[in-house]
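Please consider the assembly shown here, beginning with its chains as wholes and moving towards individual elements. The following explanation is intended to be read alongside the coordinates.

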Amino acid sequence: MGKLALSLTINGESHDVLVEPHRTLLDVLRTDLGLTGTKENCLDAECGVCTLLLDGMAVNACIVLAVQCRDRTVVTIEGLAVGAELHPLQRAFIDAGAVQCGYCIPGMILAARAYLDENPTPSEAEVREALAGNLCRCTGYQKIVDAVMRAAGAPAAAR
Amino acid sequence: MTATRIVGRSLPRMDAPGKVTGTAIYAADFALPGMLHGRVLRSRDPHGRLVQIDASRAARVRGVRAVLTAADVADVRYGGSVKDEEVFARDRVRFAGQPLAAVAATSPEAAAEALAAIEVAVEPLPPIVDVTDALAAGAPLVHEGWASYAALPILHRDGNVCNRARIVVGDVERGFEEADRIFEHRFVTRSVHQGYTEPRAAVAQWDSAGQVTVWSNTQLPFEIQSTLSEILQVPVSKVRVVVPGVGGGFGGKLRVGVEHFAALLARKTGRAVKVMTTSEEELTAAYARQPAIVELKTGVTTDGRLLAREGRLWFDTGAFAGSGPGVASVATLMLAGPYRIPHLLLEGYAVYTNKTNFGSFRAPSGPQANFAVESQMDIIADALHLDPLDFRLRNIVREGEEGPTGQVLTAVGLEECLRKVADAIGWKDRRPAPGRGKGIACGWWTTTGGSSGVYVKINPDGTVALNTGAAEIGTAALTGAAQVLAEDLGVELADINVVSADTLSTPFDFGAQGSRTAFAVGNACRAAVADLKRQVIALGARQLGVDESALELRDGAVVAPAEGKRATLAELARISQASGGGLIAHGTFVAPPTPYDAKRVEGHVYPVFHSPSFHAHAVDLSVDADTGEVTIHRYVVAQDVGFAMNPTYIEGQIEGGVAQGLGQALSEEIVYDAGRVLNANLTDYKMPTAVDVPRIESILVQHPSLVGPFGAKGVGEPPNIEPPAAVANAVASATGVRITSLPITAEKVALALRERER
């Protein structure tokens with residue numbers, strides 16, 4: 001199978017990769033670029049652990065082909081903090097006790113980030129709806145929802 | 001109790017920053033240069049004679065580096081209590097999902113192509129699809145050679161029964177004779193999956209000295225080490241198991257899952273090999289919760305005293321014994337419930353069928369037995385015109401009374417749990433509106449024993465390294481243990497770094513199972529601090545020229561208050577490094593044995609609940625009269641945690657455990673048809689999402705354990721026990737319809753409502 005040369009913009013940095021056209025963004029991030037913060041599980045867009053931002057939209061990277069990401073902007077969990085300064089959502093997830101095993105957390109945070117961009121002052125029910133595509137088996141979602149509500153209360157400029 | 005600085009506070013878990021920034025590495029993330037991709041070929045047939053397996057075409061697929069079948073591995077049977085398992089099926093296939101072959105290739109695509117190229121000929125046999133099938137007269141044996149397998153001598157095995165555990169107390173027949181009323185019911189539960197979001201994953205690599213290192217997300221690195229030693233036929237010292245990070249376990253990552261395939265393929269290829277499960281493999285060939293049938297016969301007086309119970313619980317353990325014999329034992333303690341019943345005959349069976357080897361899921365046996373016991377408690381209360389809460393309060397065990405096997409119960413917080421949860425839910429108004437009702441359920445559970453060791457080292461900057469063999473599986477148990485360490489040593493939590501779960505370098509630990517990690521590792525930390533105190537006080541006395549008796553350890557220093565002298569831990573560590581090899585202590589803990597009456601038990605591998613916890617759940621819900629759909633308005637848990645080491649993460653355990661329990665109660669089921677799973681994906685296997693789980697209210701009750709650190713009891717498993725019973729009782733309260741099987745789907749409720757109308 002032939003390979004394609006691609007330039008991908010991930011977390012503001014440009015990466016040149018050579019990949020077969022069938023390979024997913026998730027696979028390329030994790031295998032070729034060592035960005036394992038985007039997690040792998042069902043590979044069928046059922047669980048949401050691979051959620052990241054593609055042009056600001058939350059998508060499941062397991063069903064996006066790397067070649068579809070040409071000339072587009074990808075943000076992964078590794079790109080959310082500014083230096084040592086955690087993003088308000090990351091801070092809120094720690095402060096609310098929303099992190100247990102943590103495997104769903106990168107996807108949760110990015111799904112929440114995309115939703116708060118769309119609706120900066122959500123109700124709890126709206127947050128639950130927005131996160132319904134992301135499975136978590138540790139927390140019962142409560143402290144995750146609390147964390148997102150807490151972050152939504154942060155100054156808008158910080159988001 | 002004197003005021004504490006660190007324990008009892010909701011401090012953030014130590015590993016949170018890595019987890020929210022994506023830098024924490026899990027086994028699924030672990031990779032080595034040049035690593036091959038391993039995949040497993042699994043049987044499509046639930047039962048049959050394996051006539052032939054031809055891998056020659058697969059071996060020629062481009063990129064394939066190894067193909068293994070039973071012919072390529074040592075003919076050993078392994079397993080915990082019964083050695084009945086084999087790496088690959090050799091001449092008989094016993095479940096759909098059983099491994100037949102494994103391949104390693106340079107890409108996942110090549111591995112998949114190779115799997116498809118393996119030719120398998122199976123002569124199908126009729127599958128034994130459930131316990132009823134397996135126990136029928138003249139049923140074929142799942143293991144014809146069962147009697148020849150090595151097994152724990154204590155087990156009572158017979159054909160398709162790989163253990164029958166029994167508790168006998170008093171004379172159950174006499175109890176029934178004395179009873180005014182006798183109630184007999186049957187309950188059925190289905191299999192549910194742990195649902196961890198990180199698949200089981202392992203990377204294996206052999207070195208030139210013949211040692212294999214396996215990076216795995218197991219909960220029990222030391223058990224995996226010994227199992228791999230058996231399978232690979234190498235000394236245990238040649239197997240090193242390292243746990244990089246675990247994305248949830250809930251009991252599903254106790255037993256060997258993919259580690260052996262990775263190790264065998266790595267040995268064959270001389271390369272590092274990674275094996276990770278698919279969702280389909282998880283739902284067809286993992287260690288999900290056992291389906292169960294429970295029969296309860298309970299005798300009571302008209303004024304509501306429990307007199308006698310005969311209870312039997314049959315677990316479908318699947319094609320291998322695995323955790324089954326132990327879980328069947330625990331079930332008998334759960335069938336007694338947290339009640340005083342003078343006459344008991346309780347039996348738990350683990351029964352072979354042609355299904356996956358069901359295993360240990362958070363509070364194994366708990367939800368199945370509790371669903372039956374607590375449903376029947378409500379049925380009896382209704383029949384006797386008693387309030388279900390009053391009926392329970394009349395019969396619950398109390399301080400100093402005996403458990404079913406004669407253990408003396410202490411720190412029994414059950415009455416407080418029941419009263420608090422009832423108050424919180426507004427129990428006096430049990431049926432606030434048509435179609436709306438409240439339910440209550442209570443139970444007890446163990447804090448598993450087993451030993452733990454830690455090394456605690458004081459660094460030259462005064463920070464502290466905690467080296468433990470336990471894995472952090474997400475519960476924050478190691479943060480809890482570190483809080484104990486910081487408290488006792490007089491340092492801050494931020495001063496502690498944790499190194500964990502490497503069988504080569506960390507001390508032994510019985511593992512992250514049975515709600516024991518914070519409890520046992522915390523106590524081992526206390527022992528280590530006691531030793532370190534002796535060391536630093538001896539060193540400090542020499543250094544400061546004062547008597548040892550004048551010194552105390554306080555705020556990260558040894559201090560002689562009268563003399564006004566002080567040496568910090570950092571200074572003492574530096575002095576020790578220059579002169580005495582550094583400050584380090586080996587702390588150990590093993591739960592003291594809990595005395596019981598051995599004459600009451602047979603075939604029992606778990607006769608007592610150590611430092612038992614007690615809990616009550618209450619739920620307020622509505623049932624849609626047309627669709628049968630359940631909507632939960634409120635869910636309240638009161639749990640006796642002994643001492644709340646870190647309230648935030650205890651709430652987290654309660655919230656997560658209830659959510660998981662509500663899945664089993666309402667929506668989750670691995671659906672089997674003639675031995676094959678019909679819903680092996682995460683769309684059709686219905687785990688609760690953020691819109692399905694209600695806000696869960698936690699009340700932490702604290703009756704300190706005599707053994708646990710600062711009085712703590714195990715907290716992780718209990719919240720998973722009561723949700724099915726609480727929901728079933730509330731549905732009955734709301735509708736008058738009693739559902740005796742799980743899950744309580746909308747369809748099932750709607751059909752029951754229609755049935756009643758006819």
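The paragraphs below treat chain B, its central sheet, chain A, and then the contact between the two chains.

The model is a predicted one. Chain B contains 18 helices and 29 strands. Its radius of gyration is 27 Å, close to the 27 Å that the globule rule gives for 758 residues, so chain B is as compact as a globular protein of that length. The C-alpha trace of chain B spans about 90 × 70 × 50 Å along its principal axes. Of the 758 residues in chain B, 63% are buried. Among the contacts in chain B with a separation of 6 or more, 80% are made by residues 24 or more positions apart.

The domain assignment divides chain B into three parts: domain 1 (35–125 + 200–276), domain 2 (292–447 + 596–757) and domain 3 (449–590). The centres of domain 2 of chain B and domain 3 of chain B, taken over C-alpha atoms, are separated by 39 Å. These two domains nevertheless meet, with 14 residues of domain 2 of chain B in contact with 15 residues of domain 3 of chain B. On the side of domain 2 of chain B that touches domain 3 of chain B, there are 5 nonpolar, 8 polar and 1 charged residues.

One sheet of chain B deserves attention. It is an open sheet of 4 strands in the order β16-β25-β26-β29, with mixed pairing. Strands β16 (436–445) and β29 of chain B stand at the edges; each has a single partner strand, so one side of each is left without a neighbour in the sheet. On average, and with direction ignored, neighbouring strands of this sheet are turned by 15° against each other. Strand β26 (residues 630–640) of chain B runs parallel to β29(B) and is joined to it by 6 bridges. Within that pairing, B:Tyr635 has B:Ile696 of β29(B) as its bridge partner. Helix α17 (residues 723–735) of chain B packs on the sheet, where it touches β16, β25 (613–623) and β26 of chain B. The direction of α17 makes about 155° with that of β16(B).

Chain A may be taken next. Its domain assignment gives domain 1 (4–78) and domain 2 (88–154). The C-alpha centres of domain 1 of chain A and domain 2 of chain A lie 21 Å apart. Their contact takes 14 residues from domain 1 of chain A and 13 residues from domain 2 of chain A. On the side of domain 1 of chain A that touches domain 2 of chain A, β3 and β4 (57–60) of chain A each supply at least two residues. Strand β3(A) gives the most to that side, with 3 residues. By class, the same side of domain 1 of chain A has 8 nonpolar, 5 polar and 1 charged residues.

A single residue of chain A illustrates how a loop position can be enclosed. A:Leu35 lies in the loop between α1 (25–32) and β3 (51–54) of chain A. Is this residue buried or exposed? A:Leu35 counts as buried because it has 22 C-beta neighbours inside 10 Å, where 20 or more are required. Leaving aside neighbours within four places in sequence, A:Leu35 is in contact with A:Ile10, A:Leu29, A:Arg30, A:Thr76 and A:Glu78. Of these partners, A:Thr76 is 41 residues away from A:Leu35 along the chain, yet their C-alpha atoms are separated by 8.2 Å.

The contact between the chains brings these parts together. In total, 42 residues of chain A are in contact with 46 residues of chain B. On the side of chain A that touches chain B, α2 (88–95), α3 (105–118), α4 (124–130) and α5 (142–152) of chain A each supply at least two residues. Helix α2(A) gives the most, with 4 residues. The residues of this side of chain A divide into 22 nonpolar, 11 polar and 9 charged.

Helix α5(A) is mostly covered, with 9 of its 11 residues buried. Among the buried residues of α5(A) are A:Ile144, A:Val145, A:Ala147 and A:Val148. What covers the buried residues of α5(A)? The cover includes α2, α3 and α4 of chain A, together with α16 (647–666) and β29 (696–701) of chain B. Strand β29(B), which stands at an edge of the sheet described above, thus also belongs to the cover of this helix of chain A.

Key:
Residues numbered from 1 in each chain as written. Chains lettered and ligands numbered in written order. Predicted model: local features only at pLDDT ≥ 70, side-chain atom pairs only at ≥ 80, totals over all residues. Contact = placed C-beta atoms within 7 Å. Nonpolar A, V, L, I, M, F, W, Y, C, P; charged D, E, K, R; others polar. Buried ≥ 20, exposed ≤ 12 C-beta atoms within 10 Å, placed from the backbone. Pairing = 2+ DSSP bridges. Axes fitted to C-alpha atoms, helices over the stretch in contact; angles between N-to-C directions. Rg over C-alpha atoms; globule rule 2.2 N^0.38 Å. Domains from an automatic or database assignment.
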